[in-house]
Amino acid sequence: MTSTLTHLECGACGARHDADVLQNLCTACGKPLLARYDLEKAARTLRTGGREASLWRYREVLPVRDDAHVLRLGEGWTPLLHVARLGAEIGCPKLYVKDESLNPTTSFKARGMAAAISRAVELGAPGFVVPSAGNAASALAAYAARAGMEAHVFMPADVPGPFRVECKVLGAKVTLVDGLITDCARRAREVAAERGLFDVSTLREPYRVEGKKTLAYEVFEQLGGALPDVMIYPTGGGTGLVGMWKAFDEMQAMGWIDGRRPRMVCVQSAGCAPIVRAFEEGEQFAKPWENARTLADGLRVPAALGDFLILRALRESKGTALSIDDGEMIICAEMLGRHSGIFPAPEGAATLAALLRLAKDGWVSESETVVLFNTGSGLKYHALWAHD
Ligand SMILES: *Cc1c(COP(=O)(O)O)cnc(C)c1O
């Protein structure tokens, strides 16, 4: 049960890179690198069932070579909940919610950071920076603390208070930036260059995608060795969507599934929907979104490095992309909460809002199995309900 990682490959130009060297983007074209494995070898030992209750149960298709470098805080293996009553009410009885709020630091960012920080420490990274709308900062702070390493996080000044407090308690250095995540990213890169720290921004290093792809392995395992018909994903930088699409390729290469895949749905906020616009316009890359505004901080990503990978997955899967108003997210958070016992982040609520529309339009039929991703907890956004 060890990693079968073989090399890194550029997601755009296909150039091959050494996986055992700490690196960010493709040195040939500046696009994201993706991890490749010896899947024939992985298939000989990787099984569902009978493994630890965390994402490390898929050790063969994760990048960390030495067990001693695996940082564990209980990431992954979150519940896939059948929400039958709500499903029946909206004409989608086979409705499931993958509840990612149960991860360390209460969001699915823990998956990506668990893999990325474990692997970067293994490769000798001296410390870390990340620009973040909140959840990535918290997750980096936690895994860096677990490793006993420095974390410097850059967040927009209007980030909800709980993120700031959490990062501080977890020992991270916190810089608040007047501006958007893209401004935070610029500052983070400057500090990384000055101080020799490793930048773990979304898709700027290859392994957060690896942690996030375990969502797909878990859903497959939790549905008894089957994939759903539709997956609805709240998309910012797109690591989860890109990761799951990659996981399906791996599962097929290992003989777990055939060519049939879920239709992937990208949900964004009406106030920041660069991927939706590019999807509708048939573009391969997404133009940056001007004046991005949404209360769903995880979706306030005006330009995604992996835009072409997200768009490719949506089209190959015969999926779609749609945007949701912030007001609908609040209504759907309460609808999901009342009917399921989950207090979702606004990003998670957006997936329900998307499903309501897709079911009404007949894009999703009654017989289909649908998985929504509640990517974080509503607790850190409690101020949205401050008037109550
Ligand atoms: C980061 C985040 C997202 C978006 O995830 P990407 O992988 O960047 O697309 C969605 N929801 C929450 C709660 C997040 O923190």
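**Exercise 1. Where does the ligand sit?** Locate the ligand in this predicted model, and then describe the shell of residues around it.

*Solution.* The first step is the location: the ligand is found in the largest pocket. Two elements, β10 (230-234) and α8 (239-253), each give two or more residues to the shell around the ligand. The second step is to list the neighbours, of which there are 16, with Lys-109, Gly-236, Gly-238, Thr-239 and Thr-375 as the closest. The third step is to sort this shell by class, which gives ten polar residues, three charged residues and three nonpolar residues.

**Exercise 2. Find polar contacts of the ligand, and state how much of its area the protein covers.**

*Solution.* A pair of N or O atoms has to lie within 3.5 Å to count as a polar contact, so each distance is held against that cut-off. Begin with the side chains: an N or O atom in the side chain of Tyr-233 is 2.8 Å from an oxygen atom of the ligand, and for Lys-212 a polar side-chain atom lies 3.0 Å from a ligand oxygen atom. Continue with the backbone, where an N or O atom of Gly-236 lies 2.8 Å from an oxygen atom of the ligand. Finally, turn to the area: on its own the ligand has 380 Å² of accessible area, and the protein covers 96% of it.

**Exercise 3. Examine the backbone of Thr-105 and Thr-106, and decide for each whether it is buried, partly exposed or exposed.**

*Solution.* As background, most residues other than glycine have a negative phi. Against this, Thr-105 has a positive phi of about 60°, and the phi of Thr-106 is likewise positive, near 55°. Thr-105 is placed in the loop between β5 (95-99) and α3 (109-122), and Thr-106 is also found in the loop between β5 and α3. For the accessibility step, Thr-105 counts as buried because its relative accessibility is 12%, where the cut-off for buried is under 20%. Thr-106, by contrast, counts as partly exposed because its relative accessibility is 27%.

**Exercise 4. Place Asn-291 in the fold, classify its accessibility, and relate it to Pro-302.**

*Solution.* In the chain, Asn-291 belongs to the loop between α9 (274-280) and α10 (307-316). Its relative accessible area is 68%, and therefore Asn-291 is exposed, given that exposed means over 50%. The last step compares sequence with space: Asn-291 and Pro-302 are separated by eleven residues in sequence, while their C-alpha atoms are 8.3 Å apart.

Technical notes: Residues numbered from 1 in each chain as written. Predicted model: local features only at pLDDT ≥ 70, side-chain atom pairs only at ≥ 80, totals over all residues. Heavy atoms only, no water. Near = heavy atom within 4 Å. Polar contact = N/O pair within 3.5 Å; in protein donor to acceptor, adjacent residues only side chain to side chain. Areas by Shrake-Rupley, 256 points an atom, 1.4 Å probe, with all protein chains shown as cover. 1 Å grid on protein atoms, 1.4 Å probe; cavity = no way out; pocket = protein on both sides within 12 Å on 5 of 7 lines; lining within 4 Å. Sits in = over half its atoms within 2 Å of the grid points. Helix = DSSP H or I, 4+ residues; strand = E, 2+ residues; numbered from the N terminus. Nonpolar A, V, L, I, M, F, W, Y, C, P; charged D, E, K, R; others polar. Buried < 20%, exposed > 50% of the residue type's maximum accessible area, 1.4 Å probe, protein only.
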